[in-house]
Structure formats: C-alpha cells, structure tokens
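Colleague: I have a model open and want to learn to read its surface. Can you take me through it?

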Amino acid sequence: MFDISKLKGLGLFVGGVAFGTAGVKLLSSKDAKKVYTNCTAAVLRAKDCVMKTAAVIQENAEDIVAEAKQINEERAAEEIAGIQEDYDDADTCGNECTGA
C-alpha cells in the first residue's frame, strides 16, 4: 500500500528546497544589495549621531563634576575660615576674660 505521509514529507522537502533556492536568489539580487547598502548607510549615520550626542553628554558631565568639586573646595575653605575665626574669637575672649 502507498504511504501518503512519505509523499507529504517528500513534498515538504522539495518545497523547502525550492523556497530556499528562490530566497537565496532574491537575497543576492542587485536590488537586495542596494537595500542592504542603504540600510547599512542609515545605521552608520545613526551611529555617528549617537556618538556625537554621547560626546556632548560626557563633556557636560565632566563640566558638572569640575564645578561640583570647585563648590566643595570653596565650602571647605569657608568652613575652615569660619572655624579659624571662631577659634580666634574664643582665644581672644579667653585671654581677656581670665586677665592673662
């Protein structure tokens, strides 16, 4: 007796080979290569744009860090000056108050 499942499997195999061959032909055509080239060019343009934006963000971040360090240095200097002033006031008061 004839087994229809083997014929079905053979048909699927032949159909797959035909579809694969047509796909390879289609994907290697001049039109397809033109599409690939244009897509690749668009990706490269997008990459350049992203890299420029990243560079600007990095520069801004470096500026922010530098300004923050400057602010902290100024605050530390003011704090040290305030402590020194408090120390000088306490020392003056101490000498005057004790009569030394």
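Colleague: Is D63 buried, partly exposed or exposed?

Modeller: Keep in mind that this is a predicted model. Partly exposed covers the range between under 20% and over 50% relative accessible area. D63 has 44% relative accessibility, so D63 counts as partly exposed. D63 sits in helix α2, which spans residues 30-98.

Colleague: Which residues form the negative surface patch?

Modeller: Like charges are joined into a patch within 9 Å. Here D63 joins E59, E62 and E67 in a negative patch.

Colleague: And which residues form the nonpolar patch?

Modeller: For nonpolar side chains the joining distance is 5 Å. L10, F13, V14 and V17 make up this patch. Together they have about 390 Å² of accessible area. L10 belongs to helix α1, residues 4-27.

Colleague: How many helices and strands does the protein chain have?

Modeller: The protein chain has 2 helices and 0 strands. Of its 100 residues, 1% count as buried. The accessible surface of the chain is about 9100 Å². Carbon and sulfur atoms account for 65% of that surface.

Colleague: Now the cysteines. How many disulfides are there?

Modeller: A disulfide is a covalent bond joining the sulfur atoms of two cysteines. The cut-off between the sulfur atoms is 2.5 Å. By that rule the count is 0 disulfides.

Colleague: Why do C39 and C49 count as partly exposed?

Modeller: C39 counts as partly exposed because its relative accessibility is 45%. C49 is partly exposed too, with a relative accessible area of 47%.

Notes. Residues numbered from 1 in each chain as written. Predicted model: local features only at pLDDT ≥ 70, side-chain atom pairs only at ≥ 80, totals over all residues. Heavy atoms only, no water. Patch = residues over 30% accessible without salt bridge, like charges linked within 9 Å, V, L, I, M, F, W, Y side chains within 5 Å. Areas by Shrake-Rupley, 256 points an atom, 1.4 Å probe, with all protein chains shown as cover. Salt bridge = Lys/Arg side-chain N within 4 Å of Asp/Glu carboxyl O. Lys, Arg positive; Asp, Glu negative; His and termini not counted. Charge placed at Lys NZ, Arg CZ, Asp CG, Glu CD. Helix = DSSP H or I, 4+ residues; strand = E, 2+ residues; numbered from the N terminus. Buried < 20%, exposed > 50% of the residue type's maximum accessible area, 1.4 Å probe, protein only.
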